[in-house]
Amino acid sequence: MLGLYVHIPFCSAICNYCNFNRGLFETGLKERYVAALLTEIGRAADGSPADTIFFGGGTPSLLEPTEIAAVVDACRQSWSLDGDVEITLEANPETVTADRLAGFRAAGVNRLSYGIQSFRDDELERLSRLHSVARAVEAFVMARVAGFDNISLDLMMWLPKQTVAQWLESVDALIALGPDHASMYMLEIYPNAPLRDAMARGQWSVAPEDDVAEMYLCGLGRMDAAGYAQYEISNVARPGRRSRHNLKYWTDGEWLGFGCGAHSTRVGTRWKNLSGTEDYISAVAAGRLVATERRVLSAAERLEEALFTGLRLSAGLDLQAVNDRYSVDVWSRYGGELQPFVDQGVLFYDGKLLRLPREGMLLAHEIMAVFIG
Ligand code: SF4
């Protein structure tokens, strides 16, 4: 079944490390954007089955619940939504109130993904986030009261000045709240990020790489002990609470993206919408195509992507299934280069399954480089 992604490119302020497609919130622009989204969704309608909707951003929780409801309704009219459809809203703690959360729930949202990033106020300040730890906890509790029984929390590790012990404080605080799912990413600071200047001014540095490995392994170890199962390099979940939407990206699935900069992949074809918010709105209003860079993926690209994404999963890659789909014997082709990783114990291969153990996940880029043609 299809996944539907809806991009909401607005934020109340721009975080100093952010490299996403987003801009500052402005009510008039947002209203015109939502109208364009409804038009784009209506035009793309073909009634195919879909079982996930994911509002990503930006900060989708800046939309009014009535606007989220209108988009969900447009999706319902345009596709055949599964009775058990997963509808995720990415939310920032400072944007929610009890009423807004109840409104999102009534609009059909049944999964919330909060961008928490850290449970230490000093770290949140260094990242120029707008919320405090107290606000994050309050937002989580309010969401439970509003009836959300599927909540994911995002944390980031390798923050400026962060020690292993401080990272584990955040992990413990997350476990104490008891979300249903968690994502743990390493902060990557892109070359021109304002955070780089702030780090230079404040003389903040990041921990050495050995410490990052310890952060990753100890953090996930604590999640294991608390009953969460890792299913992807950066994601853990309680039973039945994996992100069905994100799994489509990692299991060769198909999805349609709406809104500026959204990507789509369907029947071996990939395209990307116009990135600029105003460009997107004008193109929709004029009846022009918003999809750009449309191209059919070559067999080699599809295989490469299946290997890259499949190896991100804890379950690993079933090489027979890859052979059935792409007519390529992966081990015959890459085994010579992969064997040293198997010998080091950072890659597992038993003749059928190729899988990264946790220590290997830390070397994922290096190992996956083998597949780059
Ligand atoms: S809230 Fe998220 S999308 Fe918005 S600026 Fe911050 S990191 Fe970027």
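**View 1. The shell around the ligand holds seven nonpolar, three polar and one charged residue.** This is a predicted model, in which local features need pLDDT of at least 70, side-chain atom pairs count only at pLDDT 80 or more, and totals for chains, interfaces and linings use all residues. Numbering starts from 1 along each chain as its sequence is written, and side-chain values use heavy atoms, with hydrogens and water left out. C11, A13, I14, C15, Y17, C18, F20, G58, T59, N92 and R129 surround the ligand (a heavy atom within 4 Å). Nonpolar means Ala, Val, Leu, Ile, Met, Phe, Trp, Tyr, Cys and Pro; charged means Asp, Glu, Lys and Arg; the others, Gly among them, are polar.

**View 2. Helix α1 (residues 27-44) packs with helix α2 (residues 65-78).** Their angle is about 10°, and their axes lie 9 Å apart. Axes are lines fitted to C-alpha atoms over the stretch in contact, with angles from 0 to 180 degrees between N-to-C directions. α1 and α2 are therefore roughly parallel (under 35 degrees). From α1, K30, E31, V34, L37, L38, I41 and G42 meet E67, A70, V71, A74, C75 and S78 of α2 (heavy atoms within 4.5 Å). This contact involves eight nonpolar, two polar and three charged residues. Helices are DSSP runs of H or I, at least four residues; strands are E, at least two.

**View 3. T52 sits in strand β4 (residues 49-57).** T52 counts as buried because its relative accessibility is 0% (buried is under 20% relative accessible area, 1.4 Å probe, protein chains only). The side chains of T52 and H245 share a polar contact of 2.8 Å (N or O atoms within 3.5 Å, one able to donate a hydrogen and the other to accept it). Leaving out residues up to four places away in sequence, T52 touches L2, G3, L4, V85, E86, R244, H245 and K248.

Key:
Parallel < 35°, antiparallel > 145°, perpendicular 65-115°, else oblique. Buried < 20%, exposed > 50% of the residue type's maximum accessible area, 1.4 Å probe, protein only.
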